[in-house]
Amino acid sequence: MTPLSDEPLSQAISVLLVEDDAPTLWRLQDALTRAGYQVRAAATLAEAKAGLAHGAPKVLLTDLQLPDGHGIDLIRETRQRFPDTEIMVISILGDEESVISAITVGATGYLLKDAFPTDIAATVRDLVAGHSPISASIARFIVRRTQNNPEPPPGPPLNTAKLTPREIDILWGIAKGFSYAEIAGHLGLSRQTVPGHIKSIYRKLEVHTRGEAVFEAVQQGLIRL
Amino acid sequence: MSEDAAIEAPPGEVRRRLQSSRLLQYVLLQVLIAAACGFILRQPLPAPPEKYAVTEFRLRQGDTERSVTSPHFASARSPADDQPTYSGRFTFPAEQPPRAWSIYLPRFTNAAEVAVNGVVVLDTRRDPVANRPDRSTPQIAVIPSALLHGGSNELTIRVLVWGPISAFLDTPYVGPDDVVRPYYDRRALLFVTLPVVFSAWQAILAVILTIMWVMRRHEPAYGMLAAAMAVGVLQAFLSTPLDEHRYATLNSIAIASAPLESGLVLAFGILFFGRKWPRWGLIIFAPSVILVVAGLIGGQASVRSLYLFIGTPTVGLCLVMMALISGNAVLRRQDAASILLGCAVTIVLTSWVHDMLSVLQIVPDRRIFFSRLSYSAMLVAIGAALTWRFARALNQVDSFAGRLVTQVREAEDKLKASFAREEERARAAALARERTRLMRDLHDGLGGQLVSIVALSERGNDASAGIGDAARAALKDLRLVIDSMDDIGGDLMLALGSWRERAMAQLRPHDIELDWLITPPGLPVHPELRPWHVIQIMRLLDEALTNAVKHAGARRITVSIGTLGDVNGLEQGCITIADDGKGFALAADGDAPAEGTKAGRGLRNMQSRAVRCGAGLDLTSGAGGTQVRLTLPHRFPDSEASG
């Protein structure tokens with residue numbers, strides 16, 4: 001889904017990388033720096049906020065569990081202050097538990113911590129190019145939430161009411177492992193419009209009330225007070 | 001054509017038209033029945049040969065004496081009037097051997113005292129049954145042979161009257177006993193035995209209806225009918241009191257209870273046909289109350305005279321109303337019970353009219369009363385109607401019970417299904433909660449440490465690359481376990497979607513292409529699919545992929561997903577992983593490759609995983625590459641089959 005390319009990358013792209021585990025931080029930083037990104041690293045929430053004070057990064061990559069706070073707060077703040085910044089969660093397992101709550105505050109997809117360096121660079125490049133990656137398991141979680149269950153399945157709360165039937169069809173395609181081209185073929189769309197739909201899905205899943213989001217996060221135990 | 005007209009006409013008009021045609025049919029039927037009854041009632045009863053009839057009489061009444069012919073109505077109506085005495089003659093042939101002769105009185109009111117040659121041979125007052133003017137009781141008496149002499153003999157009949165009807169004497173017959181008696185017997189059967197049989201019937205019905213009413217208090221119709229029957233029985237077995245004893249008045253009041261009886265039957269009719277009890281309802285019983293009061297004040301005589309003026313019209317009125325009510329019921333309900341009852345009422349009414357005409361001497365006849373007898377027709381009808389209704393009620397109860405059983409069974413099934421669904425949901429929810437917990441634990445602990453290992457290994461020398469691979473493999477497996485525990489609703493395609501992502505991530509560093517071919521509609525949905533099935537299949541696919549990467553040296557791997565139609569029409573999913581690698585030689589048993597023990601172990605693992613899920617695994621390998629073909633079962637096994 002993320003085609004590889006060896007094209008040189010623009011030097012202007014700044015990345016704020018927030019990760020408290022030092023070895024992981026190094027390898028991610030290495031991978032991005034080698035790909036030509038301008039990387040600012042932060043190990044704590046405070047450092048990250050200080051980093052934001054220097055100006056808006058093009059890309060924010062953040063872990064959720066930070067020693068002095070929660071990545072969710074950082075994502076929300078960045079989203080509000082710098083609407084043009086692309087945000088991604090760094091996740092160990094890519095599980096919906098963390099990824100979905102990040103999506104609801106404005107993140108667009110996730111990056112696995114053990115991804116190969118080339119994949120890390122490619123994912124960030126796609127993100128900057130306006131392609132919002134979405135994994136099959138996340139798509140699966142979202143579409144299963146759109147089904148009318150009397151009792152919502154456990155996991156972070158998610159409001160799928162705004163999604164259109166077409167968007168839900170696209171999510172089904174992704175959940176079942178179809179490529180964008182295949183989905184576009186099935187639904188009679190142009191292949192180029194699929195990423196736009198996915199971006200729109202991300203925006204629709206965002207919760208805009210800060211109090212609501214915090215409350216939900218606390219409810220789900222994502223934020224430990 | 002007529003049907004079309006009926007559809008076009010407004011519904012009210014259709015109903016009216018239908019009702020008027022029904023009414024016409026019903027009235028025609030009743031007229032026919034009444035005419036048939038009238039015809040039957042006009043038929044003369046068989047009589048003994050004419051030569052034994054005594055028709056010429058001298059009637060002495062008070063001081064007057066005149067010649068009359070029988071049958072004869074005398075004007076006397078009460079004991080206060082002059083009681084008529086009829087004197088006539090008959091011829092007795094002196095023959096050898098002498099035959100017993102009898103005097104046979106077919107009909108008389110109210111009583112007769114018969115004397116032959118001045119000696120009384122029969123006094124009907126001694127027979128209680130014969131004293132009821134409403135029963136056409138015949139009488140017969142053998143004339144002692146000593147009284148008879150050859151030639152002309154004298155016959156004197158004194159008719160005794162106590163009301164309420166006037167004196168009457170039908171033609172008496174004097175003849176050989178063996179000739180006359182059969183005629184007597186026939187009449188006795190009709191007018192004495194039959195009423196007793198009917199009364200017995202009535203008594204039984206009274207008991208049954210009382211029980212019904214006691215058990216079903218909310219149906220007062222049965223109580224009314226039981227009371228009517230009881231009154232009828234009481235009335236039938238009482239005899240007319242001829243002297244002034246203590247209970248004579250009560251006795252005559254009881255005999256004059258026909259208005260009460262008919263009132264009760266009318267009340268039954270009103271209630272039985274589902275009409276509301278009218279406000280004027282109690283008026284039905286007013287005549288009988290008047291009769292009782294009159295009897296208590298004025299004694300027997302007043303009861304008798306009042307009976308004729310109040311009692312009989314009341315009976316008639318009640319019958320007319322009963323006929324109207326049952327006619328209305330026929331129109332409204334169209335059921336067998338109301339038609340039957342309506343016809344019976346018509347028969348009784350016709351008899352009553354006949355009897356009235358006879359009492360008032362408007363139609364000349366032999367003064368034979370049929371009302372009482374035809375009342376039995378009504379009884380038959382009521383008995384039949386009740387049985388019919390009872391049977392229908394039982395049928396309704398049966399069908400209701402049957403419906404109830406079906407409904408209860410359906411509800412039970414639904415409940416079971418919903419219980420099973422609920423259980424399934426609870427199980428899924430428990431699994432999801434457990435998965436969430438496990439995921440957090442792994443995420444917080446093992447996952448982070450593994451990522452650190454990957455990161456650290458990349459910073460070291462070449463030897464540590466193996467550590468990194470192992471740690472990455474461990475992370476991959478961790479993701480697989482968590483992914484498999486997700487509730488995918490039996491759709492294996494959802495699990496394959498995630499697997500494709502992992503596979504692409506795995507193949508990318510090796511520069512191997514992954515072709516993904518899905519033949520619509522993909523795989524069938526398996527509601528019985530459990531997480532452990534998913535893990536087995538995903539690991540099997542992982543091993544096939546790893547074999548292709550590590551041992552075959554493939555450049556392109558093609559995954560084909562589709563559904564096969566079985567010979568039995570059962571659908572089976574099929575996943576094929578084919579590579580363009582160098583392949584390997586299979587052993588004779590097709591189980592493991594001859595070379596490469598590591599690959600061999602991997603293949604054996606795949607086999608055992610397939611067996612555990614009830615799936616079929618086919619391996620084909622050659623110079624063009626290797627193909628692993630996994631045929632999913634139509635239904636996944638509940639428990640692990642031995643691998």
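In strand β4 of chain B, Thr85(B) is the bridge partner of Arg60(B). Helices (H or I, at least four residues) and strands (E, at least two) are DSSP runs numbered from the N terminus, and two strands pair if DSSP finds at least two bridges between them. This is a predicted model, in which local features need pLDDT of at least 70, side-chain atom pairs count only at pLDDT 80 or more, and totals for chains, interfaces and linings use all residues. Residues are numbered from 1 along each chain as its sequence is written, while chains are lettered from A and ligands numbered from 1 in the order in which they are written.

The bridge at Arg60(B) belongs to the pairing of β1(B) with β4 (residues 85-92) of chain B, which is antiparallel and runs over three bridges. β1 (residues 56-61) of chain B is also joined to β2(B), by six bridges and again in the antiparallel sense. Here Leu59(B) has Arg66(B) in β2(B) as its bridge partner. The two strands β1(B) and β2(B) form a hairpin with two residues between them, and Gly62(B) in the turn has a positive phi of about 70°.

These strands are part of an open sheet of six strands in chain B, with the order β2-β1-β4-β10-β7-β8 and antiparallel pairing. Its edge strands, β2 and β8 (119-123) of chain B, each pair on one side only. On average, neighbouring strands of the sheet are turned by 25° against each other, direction ignored; the axes are lines fitted to C-alpha atoms, for helices over the stretch in contact, and angles run from 0 to 180 degrees between N-to-C directions. Strand β2 (residues 64-69) of chain B is hardly covered, with zero buried residues among its six. A residue is buried if 20 or more other C-beta atoms, placed from the backbone, lie within 10 Å of its own, exposed if 12 or fewer do, and partly exposed in between.

Elsewhere in chain B, helix α8 (residues 336-359) contains Val353(B). Val353(B) counts as partly exposed because it has 18 C-beta neighbours inside 10 Å. Val353(B) is 315 residues from Gly38(B) in sequence, yet their C-alpha atoms are 9.4 Å apart.

Chain A has 10 helices and seven strands, and 50% of its 225 residues are buried. Two residues are in contact if their C-beta atoms, placed from the backbone, lie within 7 Å. Of the contacts in chain A between residues at least 6 apart in sequence, 64% join residues at least 24 apart. The mean pLDDT of chain A, the predictor's confidence in each residue from 0 to 100, is 81, and 83% of its residues reach 70 or more. Over residues 1-10 of chain A, pLDDT stays under 50, and the model has 15 contacts beyond four places in sequence for them. Where pLDDT is low, the predicted coordinates should not be read in detail.

Helix α5 (residues 117-128) of chain A has 12 residues and should span 16 Å at 1.5 Å a residue, which agrees with the 17 Å between its end C-alpha atoms; the expected span is 1.5 Å times one less than the number of residues. Its buried residues include Ile120(A), Val124(A) and Leu127(A). The buried residues of α5(A) pack against β1 (14-18), α1 (22-34), β3 (59-62), β6 (86-91) and β7 (110-112) of chain A. Just after α5(A), Gly130(A) takes a positive phi of about 95°.

The contact between the chains takes 29 residues from chain A and 36 residues from chain B. On the chain A side, α1, α6 (136-146) and α7 (165-175) each supply at least two residues, and the largest share, four residues, comes from α1(A).
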